[in-house]
Amino acid sequence: MLGLMQEWPLLCHKILDAAATQHGKREIVTRSIEGPIVRTTYTDARTRALKVAQRLERDGFLLGDRIATLAWNSARHLEAWYGIMGIGAIYHTLNPRLFPEQLAWIMNHAQDRAIFVDLTFVPLLEKIAGQVKSLTRIIILTDREHMPATGLANTVCYEDWLAEADGDFRWRQFDEQTAAGMCYTSGTTGDPKGVLYSHRSNVLHAMIAAMPDAMGISSRDVILPVVPMFHANAWGLGQSAPMIGAKLVMPGARMDGASIYELLDTEKVTFSAAVPTVWLMLLQYLEEAGKKLPFLNKVVIGGSACPSMITQKFQDNYDVEVVHAWGMTEMSPLGTLCTMKPETDDLRGEERLAVQKTQGFAPFGVEMKVTDDDDNAHPWDGKTFGRLKVRGPAVARAYYGDAGTEQFGEEGWFDTGDVAFIDPNGYMQITDRAKDVIKSGGEWISTIDLENLAVGHPDVAEAAVIGVSHPKWDERPLLVVVPKAGKEPSKSEILGFMDGKVAKWWMPDDIAFVTEIPHTATGKIQKTALREQFRGYRLPTV
Ligand code: ADP
């Protein structure tokens, strides 16, 4: 027997409808690419998104078309998303930090038909548009006054193009399983792979993200997504913030410490989310400028492991709660968040920090397990680590065009490529990416643990650990360090600092000082490049 409740398909435009109905006056504040701070509201965003939808249809775009965006976080980018989704087309976020050839490859693979592009990225698009034959429309996200001179064909000015629509439009109706968005993984190995979100998965992910023990956000929050919309959907904030009716503050192109601080302060931001490097820049700025954070309550930190030093500084010096989170593009992206359960909430000091070093537990809607190579599940004992596998309504079941099928296992389990353990309270800790873990004498050494420890040294700006081949042990850890400006720490000082805080046999065999560590387009340490750089490095222990 079926239930007798209504069919109410989970479609993304319903999120914006709800925001405009219940929270219509709530602001979306943008540091515009043109310069000034621009204020709109959820009512404006809905009206303008309807116009985007209407205008796209008039240009001949329809259900299933891939429409790219190459843009910073802004109200315009958000309107474009909802307008695209409102006709059943698919927003395809492009990461501008990729090489032009990679972007052209991705656009061709996705067969993007149109693109919304920020002024900043017009020169980048000029390099690749000619190689993307499917592209028939380029919409530059600005007004007439700021339109650049460009040789790009089929170009229109967003504000003029939008003004040609009256907004008298109804969202199109389709099945909730219809594709809504697309994002390619940055592909540190092999070609990038396309993840295709559905309306249903986006709506469910937004609900999961907002729950009290996940991000725990409400209409009373002022949310600053520093994490870009082109990096795994701004961790869902483009959907969960309007869903719960929170004021949004969009940082545009400026993410340095001073610019972020300015927005946090003037807009009275209560909640923000970004990768550890952004927070390091902010903390450094705060210390140098002697500023405080009176309004900020909570920051979500993920994308790569959050060093305890960052957590400690936020909590002790600024009274800001840190929520360490883990996820990936294939998971929409949230997987786990480190909030407290009754079992952990009474812990203080070092014990609490130890919990916060884990990536947290999976909310309803994410199932996880850790297995050996033969898919046998490991116990949740807080030490046995293995392959981390996940499933849920906002987890990919395949890549676009059937790439990477080997990662999708039986009964929906997706192999994340991460190595982790889970403790008896359900808290998961990533020890490595499967391809980065160091295999020394048949045992595994976690590079993330060593890196976290090394950046705790006051003279270390950034640290990375890679395995270097060793005749006896197979591989041994080499610590690569970028010292802080004007500092010259010695090897023995850093090793002395680390000594006793990890198992003896985990200690790096050597330290190499460099001026820069290579990063991927999503801001992670590029271990492949680093291993290449230190190929054949002779350890003193050999
Ligand atoms: P890409 O894998 O292409 O860089 P993602 O942004 O999807 O793009 O990255 C997901 C990966 O980032 C995860 O599989 C994991 O290895 C890493 N990651 C994300 N958050 C954390 C975290 N809090 N701690 C450690 N690693 C993390």
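**Exercises on a predicted model**

Asn233 sits in the loop between E10 and H8. Helices (H or I, at least four residues) and strands (E, at least two) are DSSP runs, numbered from the N terminus. The model is predicted: local features need pLDDT of at least 70, side-chain atom pairs count only at pLDDT 80 or more, and totals for chains, interfaces and linings use all residues. Residues are numbered from 1 along each chain as its sequence is written, and side-chain values use heavy atoms, leaving out hydrogens and water.

**Exercise 1. Backbone angles**

Find the sign of phi at Asn233, then decide whether Asn233 is buried or exposed.

*Solution.* Start with the background: most residues other than glycine have a negative phi, and most peptide bonds are trans. Now read the angle. Phi of Asn233 is near 60 degrees, so the sign is positive, in a residue that is not glycine. Then check the cover. Buried means under 20% relative accessible area, exposed over 50%, and partly exposed in between (1.4 Å probe, protein chains only). Asn233 has a relative accessible area of 1%, so Asn233 is buried.

Repeat the steps for Asn154: what is its phi, and where does Asn154 lie?

*Solution.* Phi of Asn154 is positive, about 55 degrees, and Asn154 is not a glycine. Asn154 lies in the loop between strand E6 (137-140) and strand E7 (155-157). Its relative accessible area is 45%, so Asn154 is partly exposed.

Which kind of peptide bond joins Ser332 and Pro333?

*Solution.* Look at omega: it is about 15 degrees, and the bond is cis. Pro333 belongs to the loop between E14 and strand E15 (334-337).

**Exercise 2. A helix and its surroundings**

Compare the span of helix H7 (residues 199-210) with the expected span.

*Solution.* Count the residues: H7 has 12. The expected span is 1.5 Å times one less than the number of residues. That gives 16 Å for H7. From the first C-alpha to the last, H7 reaches 17 Å, close to the expected value.

Now judge how far the rest of the structure encloses H7.

*Solution.* Of the 12 residues in H7, 10 are buried, so H7 is largely enclosed. Among the buried residues are His199, Asn202, Leu204 and Ile208.

**Exercise 3. Aromatic rings**

How many aromatic pairs are there?

*Solution.* Apply the rule. Rings of Phe, Tyr and Trp (its six-membered ring) pair if their centres lie within 6.5 Å; planes under 30 degrees apart count as stacked, over 60 as edge-to-face and the rest as tilted. The count is 14 aromatic pairs. Take one of them: Trp72 and Phe230 lie 6.2 Å apart, centre to centre, with 55 degrees between the planes, a tilted pair. Next, place the two residues. Trp72 is in the loop between strand E3 (66-70) and helix H3 (75-86), and Phe230 is in the loop between strand E10 (222-225) and helix H8 (237-244), so this pair ties together parts 158 residues apart in sequence. Trp72 is at 11% relative accessibility, so Trp72 counts as buried. Phe230 is at 2%, so Phe230 counts as buried too. Turn to Tyr399 and Phe408: they form an edge-to-face pair, at 5.2 Å centre to centre and 75 degrees between the planes. Both Tyr399 and Phe408 are buried.

Which cluster of rings includes Trp72?

*Solution.* Follow the ring pairs: they link Trp72, Phe121 and Phe230 into a cluster.

Which ring does the charged end of Lys14 sit over?

*Solution.* A charge sits over a ring if NZ of Lys or CZ of Arg is within 6 Å of the ring centre and within 35 degrees of the ring normal. Lys14 has its charged end over the ring of Trp8, 4.1 Å from the centre. Likewise, Lys501 lies over the face of Phe497, 3.9 Å from the ring centre.

**Exercise 4. The ligand**

Which residues come nearest to the ligand?

*Solution.* A residue is near if one of its heavy atoms lies within 4 Å. There are 17 residues around the ligand, and Ser186, Ala325, Thr329, Gln359 and Asp418 come nearest. Strand E14 (residues 321-327) gives the most to this shell, with 4 residues.

Find the ligand atom that lies 3.0 Å from the side chain of Lys524.

*Solution.* A polar contact is a pair of N or O atoms within 3.5 Å. For Lys524, the partner of its side-chain N or O atom is an oxygen atom of the ligand. The protein covers 95% of the 570 Å² of accessible area that the ligand has on its own (Shrake-Rupley method, 1.4 Å probe).

Conventions:
Polar contact = N/O pair within 3.5 Å; in protein donor to acceptor, adjacent residues only side chain to side chain.
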